Amino acid sequence: MEKNLEMKKTTLLRLTAVSLFFMALPVRAGQTGDDGRIEPAFTSAEISAANSDPLKFTIDPDSIRVVRKAHALNPGWEYLENLRSASAAKNPAVVVIGEIVNIALKIWDIVKENAPVVDIDSKYASAMPKGIESWAQLNGWSAPTGAVYGFYANNAYGQKWVDIEYKVLYTSGGRYNGKGRYLTGVTVIPTKVDVNWGTHVTLSAQVPDSTIVN
């Protein structure tokens, strides 16, 4: 009872934003549109429904969980074909084996406003020796692999409110002139997005430079 009373005192609506670290971010009353103006994060109908039943539209932070559902996926080389065609192999003058860099994306949306991003298959991160411009410059790659994860959250009544599944894929083992073990095609692809009306979920992948290590 005390928990429910405390929830009623909090903000009626909660916008859950999740990164690859799966941290729940604070409530937002608005969001910035393409023109830079602040737009309402929720429609008048959503706000009205939340006023009528606050607990129904409040995410219980204790219920948020990430579950590994399957591992050792075998996606095949097809998902890397866009990466191969998008970058031509070059011969750089200097390659620094001891320094690892991400030659691809650092941050990108996976799910935006409850819908999978349509061009997610071409968005990825990598870990390459400095000086490399394309994963095709390396050889010895192992077969692509990955795992399936589920991201779930309940509302304050204990009802399942967010049900999302996604694949984490990567290709490892690349070598440059017989040296190193590098990564490419590190990506996250949503396979199921089931979010109840009145809740807005955005998933983003982020690869800070500080996480690219040898």
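**Exercise 1.** Does Lys160 count as buried, partly exposed or exposed?

*Solution.* Keep in mind that we're working with a predicted model. Start with the number: Lys160 has a relative accessibility of 47%. Now bring in the cut-offs: buried is under 20%, exposed is over 50%, and partly exposed is in between. So Lys160 counts as partly exposed.

**Exercise 2.** Work out which residues are linked with Asp163 in a network of salt bridges.

*Solution.* Step one: look at Asp163 and Lys160, whose side chains meet in a salt bridge at 3.9 Å, N to O. That makes the cut, because the limit is 4 Å. Step two: Asp163 also forms a salt bridge with Lys192, with the closest N and O atoms 2.9 Å apart. This pair links distant parts of the chain, since Asp163 sits in strand β10 and Lys192 in strand β11, 29 residues apart. Step three: put it together, and Lys160, Asp163 and Lys192 form a network of salt bridges. As for accessibility, Asp163 is buried at 7%, while Lys192 is partly exposed at 33%.

**Exercise 3.** Find out why one side of β4 and of β5 is left without a neighbour in the sheet.

*Solution.* First, write down the strand order of this open, antiparallel sheet: β4-β9-β10-β11-β8-β5. Next, check the edges: β4 (65-71) and β5 (96-101) stand there, each with a single partner strand, so one side of each has no neighbour in the sheet.

**Exercise 4.** Describe what the salt bridge between Glu165 and Lys69 ties together.

*Solution.* Their side chains meet at 3.6 Å, N to O. Glu165 lies in β10 and Lys69 in β4, so the pair ties together parts 96 residues apart in sequence. Glu165 is buried at 17%, and Lys69 is partly exposed at 45%.

Notes: Residues numbered from 1 in each chain as written. Predicted model: local features only at pLDDT ≥ 70, side-chain atom pairs only at ≥ 80, totals over all residues. Heavy atoms only, no water. Pairing = 2+ DSSP bridges. Helix = DSSP H or I, 4+ residues; strand = E, 2+ residues; numbered from the N terminus. Buried < 20%, exposed > 50% of the residue type's maximum accessible area, 1.4 Å probe, protein only.
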